[in-house]
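Biologist: Could you take me through one part of this model in some detail? I would like to hear about the charged pairs, and then about what surrounds them.

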Amino acid sequence: MSVRNPALAYQDQSVKTADGPHLLIMICDRLAADIARAEVGIQESDYEVVDRNLQHAQRSIRMLRWALNPDGFEGGHELLSVYAFIEGHLIKANLEKNLELVRECARLFQPIHEAWRGAVDANGQSDHGPDVG
């Protein structure tokens, strides 16, 4: 019988039960953490860490793209384009293990992350649950 890590079990349950705004913030938090971990991985020449985190970041940005209704708000189509651009950069950064591309992804994503968090907080959804990083 294997013993499951309680923190991982809690995290998994939190993701499964999160409502839309909370899930959005959880995905954004994890995406930012994946990019940061990949940056450290490149600096330490730990390419397994880089690959794992950048692949997860790619999946996260695809989730954000698929969930976005670009007609739902002003600037939605532009945001969709930025998500696509970041995804392309994440792929290229992983293939090349390119630190500057990883850092550019972080710079591009940070204001988006902050904007989504601000929007959720402004709508009374400030209890965004556990950090999934």
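Modeller: Happy to. D34 and R37 both sit in helix 2, three residues apart, or about one turn of the helix. Please keep in mind that this is a predicted model. D34 and R37 form a salt bridge, with their closest N and O atoms 3.8 Å apart. The two ends of that bridge have different settings: D34 has a relative accessibility of 0%, so D34 counts as buried, while R37, with a relative accessible area of 31%, is partly exposed. The pair also has company, since salt bridges that share partners join R30, D34 and R37 into one network.

The count for the structure comes to eight salt bridges, and two others are worth a look beside this one. R65 forms a salt bridge with E87, and here the closest N and O atoms are 2.4 Å apart. This pair links distant parts of the chain, with R65 in helix 3 and E87 in helix 4, 22 residues apart. R65 is partly exposed, at a relative accessible area of 30%, whereas E87 counts as buried at 8% relative accessibility. In helix 5, the side chains of E100 and R103 meet in a salt bridge of 3.4 Å, N to O. E100 and R103 are three residues apart in helix 5, so about one helical turn separates them. E100 is partly exposed with a relative accessible area of 46%, and R103 is partly exposed with 25%.

Now to the nonpolar surroundings. The largest nonpolar core has 24 residues, of which I61, L64, L90 and F109 touch the most other members. Helix 2 (20-43), helix 3 (47-67), helix 4 (76-96) and helix 5 (99-122) are the elements that each give two or more residues to this core. Helix 2, home of D34 and R37, provides the largest share of the core, seven residues. Leaving aside residues up to four places away in sequence, L90 touches I35, L54, A57, Q58, I61 and C105. C105 is buried, with 0% relative accessibility.

Finally, the aromatic rings: a search of the whole structure finds one aromatic pair. The ring centres of F73 and W116 are 6.1 Å apart and the planes stand at 80°, so the pair is edge-to-face. F73 lies in the loop between helix 3 and helix 4 and W116 in helix 5, so the pair ties together parts that are 43 residues apart in sequence. F73 counts as partly exposed, at 34% relative accessibility.

Definitions and conventions: Residues are numbered from 1 along each chain as its sequence is written. This is a predicted model: local features need pLDDT of at least 70, side-chain atom pairs count only at pLDDT 80 or more; totals for chains, interfaces and linings use all residues. Side-chain values use heavy atoms; hydrogens and water are left out. A nonpolar core is a set of buried Ala, Val, Leu, Ile, Met, Phe, Trp, Tyr and Cys residues joined through side-chain atoms within 4.5 Å. Buried means under 20% relative accessible area, exposed over 50%, partly exposed in between (1.4 Å probe, protein chains only). Helices (H or I, at least four residues) and strands (E, at least two) are DSSP runs, numbered from the N terminus. Contact means heavy atoms within 4.5 Å. Rings of Phe, Tyr and Trp (its six-membered ring) pair if their centres lie within 6.5 Å; planes under 30 degrees apart count as stacked, over 60 as edge-to-face and the rest as tilted. A salt bridge is a side-chain nitrogen of Lys or Arg within 4 Å of a carboxyl oxygen of Asp or Glu.
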